[in-house]
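This briefing goes through a structure by topic, from the arrangement of domains to a single helix and then to a second chain. Please keep the sequence and the 3D view at hand while reading.

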Amino acid sequence: MKAAVPATLPSRRSLFRVAGLAGAAALIPLSGCAGHAGQQNGVTTLRFMQNKPEVVNYFDQVIKDFEALNPDIRVIQDFNEGNFVPGLVRNDPPDVVTRGFAKATADFVKKGIFADLSDLPAASTIDPEMQELISSWGQYNGNEVSALPFSLAAAGVIYNRDIFDANGVAVPTTWDEFVAACETFKAAGITPIYGTFKDSWTLAQGMFDYVSGGSLDTAEFFTRINGKGADISAGAAESFTTNFGPALRQMLQLVSYSQNGASSKNYADGNAAFAKGQAAMYLQGPWALSQLVSANKDIRVGTFPLPVTNNPEETKARVNVDMALSITRNTPNMAAARRFVAYLLEPSVVNTYNEKNAAFSPLKDAPPVTNPQISGLDESVRKARYYQGAGTYFPPSVPLHNYIQSFVYSKNGDQFLAALDDEWRRVAERTAV
Amino acid sequence: MTASQLPQRSARVLTKRVSGREGFKINWWLTALMLVASLTVLLPLYFTVAMALKTPDQIGTGTGLAWPNPLNWENFAAAYVATNFPRAFMSTAFVTVFSVLGSLACSSLVAYAIARNWNHRFFRGAFVYLLSAMFIPFPVIILPLIKQTALLGLDNPAGVVFLHVLGGISFNALLYIAFVRSIPVELEESARMDGATTWQVFRKIIFPLLAPMNATVGIFAFLGSWNDFLLPQMMIADPALQTLPVVQMLFQGEFNTNYSLAFASYLMAMAPTLVVYILAQRWVLSGVMRGAVK
């Protein structure tokens with residue numbers, strides 16, 4: 001072994017001196033730009049925390065345009081969502097926030113953290129069905145609008161158009177057609193569905209949400225089971241055991257059309273394999289599209305909502321409010337924050353964002369989606385044939401994803417549903433008032 | 001250990017299977033084991049470098065072991081711009097430099113005071129009190145800490161430095177105390193005879209003798225604060241002052257990771273750690289009581 005360190009190293013003392021100088025040099029610019037957001041020389045500074053690091057550049061441009069039109073407002077973008085709760089603790093939360101809207105954000109709404117936006121003129125431009133996706137989680141004071149949808153992600157079955165065309169398979173509109181398509185691919189030696197069971201969340205948002213959402217009214221189901229509270233038992237009419245049985249049989253059918261060894265593949269494996277054309281279909285949401293294209297820029301994909309019944313009219317898409325806009329209730333810059341939110345909801349901003357990011361605009365008069373990757377879901381979204389995934393209704397203390405994964409491996413549906421009923425009852429007992 | 005020590009040492013360990021040149025005996029089994037063990041460091045490093053030089057479509061192909069061709073150096077430039085690297089780097093450097101200096105100064109002072117006053121009940125109690133802090137998991141106290149630091153106007157990198165120094169005292173003092181005890185009191189007594197004050201004794205005698213432990217504590221403090229994610233993420237209110245590990249989250253969406261940019265950025269962030277490791281390992285491994293009693 002040769003001496004890795006040259007003999008003429010700087011002495012410890014001189015190194016400390018250098019370090020000290022570097023530290024002092026670091027201090028100077030830091031103290032220069034420190035200081036809290038707020039009003040200064042007639043310019044209001046807004047802090048805008050958004051939940052998607054991958055679209056920082058888009059919002060940088062939006063903010064630039066907004067500042068040009070509103071010279072009295074400066075907007076600072078922050079994508080560090082982990083700082084939201086600390087911001088509340090400090091009593092200094094960001095002024096404008098976007099969050100994915102589901103149970104966790106609904107809990108903030110119930111605590112009255114966000115301001116009422118119902119009198120914002122832009123609120124009336126939003127599709128009431130999409131607003132309902134947010135208000136169905138509960139409204140502060142029973143009628144406040146705490147969040148306005150900004151972007152709706154719709155998920156279904158991503159399919160490889162080239163493989164469908166080569167095998168003469170049309171987009172299925174009924175469950176029977178779907179099964180027939182899977183059989184056709186299987187007979188041709190093509191994996192019908194690429195499974196990524198190692199990442200249990202892909203099972204939850206994929207087959208579990210799709211099949212349950214397509215076969216029963218999830219929102220209504222969870223309203224009923226929540227109403228039942230801690231009295232829930234496997235035999236009750238509101239239980240998982242009573243309602244989810246048929247869905248599980250269809251889930252197992254989907255499992256049987258997945259490739260061998262799906263249990264050792266994760267989400268990244270799935271994206272890479274599907275991009276290379278190793279399967280005809282992929283149960284993933286629009287977030288996977290950019291990954292597929294970045295792995296293979298020539299791939300031609302489309303998305304269709306998974307038909308779970310034999311009535312095409314009943315086919316629904318899984319949606320989630322990917323970004324919902326809110327203003328924190330105690331912001332000292334309410335007027336400026338409302339102007340910024342109004343600007344974000346201008347058609348040119350919100351529609352462009354959703355067009356660029358394979359998502360659906362929440363505006364009533366949004367243009368039809370032309371992106372061939374997701375245009376197959378346009379009809380479902382326009383006709384409000386959608387649901388929020390059953391998985392998103394579970395409290396985080398129930399390890400639902402792991403239960404689904406072990407069900408997919410063991411195929412023991414009764415045990416799975418009984419476990420969910422038990423878990424649900426225990427959470428209800430703990431949280432009962 | 002230095003280069004001249006190594007062969008003698010392995011020769012001593014060696015019993016059988018002797019080969020090699022005269023005077024040099026190589027334990028081939030141990031060497032092979034070391035080579036395999038070094039793979040645990042080299043292989044991830046290789047992946048990091050290779051990943052940083054790939055284009056997105058190169059990432060999806062092959063086993064990942066293949067060296068990218070052509071090399072895509074633009075990742076570094078793109079990551080540099082996207083993270084606003086100089087600003088985040090300065091913020092991280094600020095936190096790190098002052099955390100290291102603060103940890104060295106505070107912990108050694110605490111340790112000296114406790115170790116030399118061990119016969120006082122108060123100091124023994126202080127020792128137990130400091131040690132007990134190690135039993136409190138950090139996430140439990142983070143929200144109260146955030147509230148407190150915000151009230152004190154420390155929701156910025158300076159607050160992170162403060163908490164790093166404070167949080168390190170219990171562990172670092174534990175290291176230092178054991179070390180201070182091994183330093184003969186006679187050294188101090190002779191200094192006292194010459195009229196040195198307590199501060200002078202510490203500054204001129206004890207602190208220089210603590211050098212090996214200073215290196216150890218310094219390295220722990222450096223790595224801890226350079227790589228820290230949770231504390232800056234939750235404490236620093238102004239996004240413009242955010243540190244590198246937090247800013248690098250930019251490349252990881254909920255479902256999307258921009259691997260090539262992320263790894264290019266990780267490599268740039270790792271560079272100072274590597275440099276410090278290469279410079280500092282000499283002090284850590286050098287003779288423990290070097291120059292203690294002459």
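A residue counts as buried if 20 or more other C-beta atoms lie within 10 Å of its own, the C-beta atoms being placed from the backbone. The model described here is predicted, and by that criterion buried residues make up 32% of the 294 residues in chain B.

**Domains of chain A**
- The domain assignment divides chain A into domain 1, given as 39-152 + 320-374, and domain 2, given as 155-318 + 388-431.
- Between the C-alpha centres of domain 1 of chain A and domain 2 of chain A the separation is 30 Å, and the contact takes 10 residues from domain 1 and 11 residues from domain 2.
- On the side of domain 1 of chain A that touches domain 2 of chain A, the residues comprise 6 nonpolar, 3 polar and 1 charged.

**Helix α8 of chain A**
- Helix α8 of chain A covers residues 200-215, and because each of its 16 residues is taken at 1.5 Å, a span of 22 Å is expected, with which the 21 Å between its end C-alpha atoms agrees.
- A kink of about 40° is nevertheless present in α8(A), with its centre on Asp209(A).
- The helix α8(A) is mostly covered, in that 13 of its 16 residues are buried.

**Fold of chain B**
- Chain B contains 14 helices and 0 strands.
- Of the contacts in chain B with a separation of 6 or more, 72% are accounted for by residues 24 or more positions apart.

Technical notes:
Residues numbered from 1 in each chain as written. Chains lettered and ligands numbered in written order. Predicted model: local features only at pLDDT ≥ 70, side-chain atom pairs only at ≥ 80, totals over all residues. Domains from an automatic or database assignment. Contact = placed C-beta atoms within 7 Å. Nonpolar A, V, L, I, M, F, W, Y, C, P; charged D, E, K, R; others polar. Helix = DSSP H or I, 4+ residues; strand = E, 2+ residues; numbered from the N terminus. Expected span 1.5 Å × (residues − 1). Bend = angle between axes of the 7 residues up to and from the residue. Buried ≥ 20, exposed ≤ 12 C-beta atoms within 10 Å, placed from the backbone.
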